[in-house]
Amino acid sequence: MKLPKAKNINAEKYVAGLSKFKQKFAKIKLSANESALGPSPRAVKEYIKVSKDFKRYPDSDGTFLRKTIAKKFKLDQSKIILGSGSDQVIEIICKAFLSKNDEVVLSQYSFIIYRIYTKLNSAKVVYAAENNFTSSVDNILSCVTSKTKIIFIANPNNPTGTYISKKEILKLRKKLRSNILLVVDDAYFEYVNSKDYECGLKLFTKFKNVVITRTFSKIYGLAGLRVGWGYASKNIVDSLYKIKPPFNVSRPALFAASVAIKDTAWLNKEIMHVRKWSKIFYDVFKKLNIHTNKTSVNFSLINFDRVKKNSKQVFYALAKAGILLRQMDAYSIKNSLRVTVGNSKENLKLITELKKILNV
Ligand SMILES: Cc1ncc(COP(=O)(O)O)c(C=O)c1O
């Protein structure tokens, strides 16, 4: 019997940060860069209230949430597009701009979703080498050809946790041909506390050839609700709207996000918690001879070259103890794991278990 045959897909499948180990949910999940303290209690309350009524479709364009976002960041509401997570905004951008023969330049260790959607749209990925796990604008520029259509840059980047300076990212835009689209992914910008850094939204709102993406999955703690957004010139956003699936963000998600975004006190609490623990993690890792860069976000990329156990052994030993980190095979980053800052109890447990595993 002949069966329907799907077309050949040459993109890798996205493998999410594990929740389970040996069929059991892990007690401590530090594998997906989710928020340490969870969502604002006010957002949870709103979610519970709104989720009882699901007879009707959500507002397809999420007008109320876009209005709230526009007010908070002083933006033009008509230039905002909502996605079921910022992943979907990235997917829509790729669908709207990429065809066969186009090229997309990515930093070597940039967030994996960019390469997946590039390939799904039959375009080619060109990788720019990094310096010490940090994007290099000069290397990106040297990869640009007449076929280059998009440059994606997560600033800061996942999984490396590093960022490029305001000066560098402005230089990148300035040196690119005007018809190359620059996508600046601001997923983790709230955590950064450096004088030479500026988020994409502050730098590029007036540019006609830049899209900025944002998410409610990280600092806002709404990963499970799937809400993200993009901001771009009217021309670009109109093209994206032609592709956006209708009703792509559910009603409870729209309302919970509208409340979460206003709870600045809660956000600040999360930021302070992450800064405190990032510093503690850095010092502990250093003492344990686990190599890492200073991180500007809620996670760290850690390397085990200088200790007696390798990353696989550490990963499985932690998993057995109920703690899940993220393996880095998909990124071909050798002998390394990525660890997200959790709540204080989780972080203390991680430190205790690491010490046990490494015999110190
Ligand atoms: C850099 C970056 N961008 C975007 C996303 C996607 O987030 P979401 O689709 O949940 O908004 C992630 C998630 O890990 C990320 O690390």
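Select Phe97 first; this residue is placed in helix α3 of what is a predicted model. Display the residues around Phe97 while leaving aside its neighbours within four places in sequence: Phe97 is in contact with Asp102, Lys149, Ile150, Leu181, Ile236 and Leu240. Of these partners, take Ile236 next. Phe97 and Ile236 stand 139 residues apart along the chain, yet a separation of 9.5 Å is computed between their C-alpha atoms.

**From Phe97 to the helix pair α3 and α8**

Extend the selection to the whole of helix α3 (residues 86-97) and add helix α8 (residues 234-243). Two packed helices are described by the angle between their axes and the distance between the axes. For this pair, the axes come within 9 Å and cross at roughly 100°. Angles of 65 to 115 degrees count as roughly perpendicular, so α3 is roughly perpendicular to α8. To show the contact itself, pick Ile92, Ile93, Lys95, Ala96 and Phe97 on the α3 side, then Ile236, Ser239, Leu240 and Ile243 on the α8 side. Coloured by class, the residues of this contact divide into seven nonpolar, one polar and one charged.

**The helix pair α10 and α12**

Now hide that pair and select helix α10 (residues 264-287) together with helix α12 (residues 344-357). Their axes come within 12 Å and cross at roughly 5°. An angle under 35 degrees counts as roughly parallel, and α10 and α12 are therefore roughly parallel to each other. Which residues of α10 meet α12? On α10, select His273, Trp277, Ile280, Phe281, Val284 and Phe285. On α12, their counterparts are Ser344, Asn347, Leu348, Leu350, Ile351 and Leu354. The class colouring here gives nine nonpolar residues, three polar and no charged.

**The two domains**

Colour the protein by its domain assignment, which gives domain 1 (20-39 + 264-357) and domain 2 (41-260). The centres of domain 1 and domain 2, taken over C-alpha atoms, are separated by 25 Å. To the contact, domain 1 contributes 26 residues and domain 2 contributes 30 residues.

**The largest pocket**

With the domain colours still on, display the largest pocket, which holds about 440 Å³ of space. How many residues line the largest pocket? The lining comprises 26 residues, and those nearest the centre of the pocket are Tyr14, Ala32, Asp87, Phe111 and Lys218. Helix α3, visited at the start of the tour, gives the most to this lining, with three residues. Both domains take part: at least three lining residues come from each of domain 1 and domain 2. By class, the lining of the largest pocket divides into nine nonpolar, nine polar and eight charged residues.

**The cavity**

Switch from pockets to cavities. A search of the whole structure finds one cavity of 30 Å³ or more. The volume of the largest cavity is about 50 Å³. To outline the largest cavity, select Phe73, Glu190, Arg214, Thr215, Phe216, Tyr220, Trp229 and Ile261. This lining has five nonpolar, one polar and two charged residues.

**Backbone details in the loops**

Show the backbone of the loop between β7 (148-154) and α6 (166-175), where Pro156 lies. Asn155 and Pro156 are joined by a cis peptide bond, with omega about 0°. Move along to Pro159, which is found in the loop between β7 and α6. A cis peptide bond also joins Asn158 and Pro159, here with omega about 20°.

For the last stop, go to the loop between β3 (28-29) and α1 (41-51) and select Asn33. What is notable in phi of Asn33? The value is near 55°, a positive phi in a residue other than glycine.

Conventions. Residues numbered from 1 in each chain as written. Predicted model: local features only at pLDDT ≥ 70, side-chain atom pairs only at ≥ 80, totals over all residues. Heavy atoms only, no water. Axes fitted to C-alpha atoms, helices over the stretch in contact; angles between N-to-C directions. Helix = DSSP H or I, 4+ residues; strand = E, 2+ residues; numbered from the N terminus. Parallel < 35°, antiparallel > 145°, perpendicular 65-115°, else oblique. Contact = heavy atoms within 4.5 Å. Nonpolar A, V, L, I, M, F, W, Y, C, P; charged D, E, K, R; others polar. 1 Å grid on protein atoms, 1.4 Å probe; cavity = no way out; pocket = protein on both sides within 12 Å on 5 of 7 lines; lining within 4 Å. Points joined across faces, edges and corners; volume = space filled by probe spheres on them. Domains from an automatic or database assignment.
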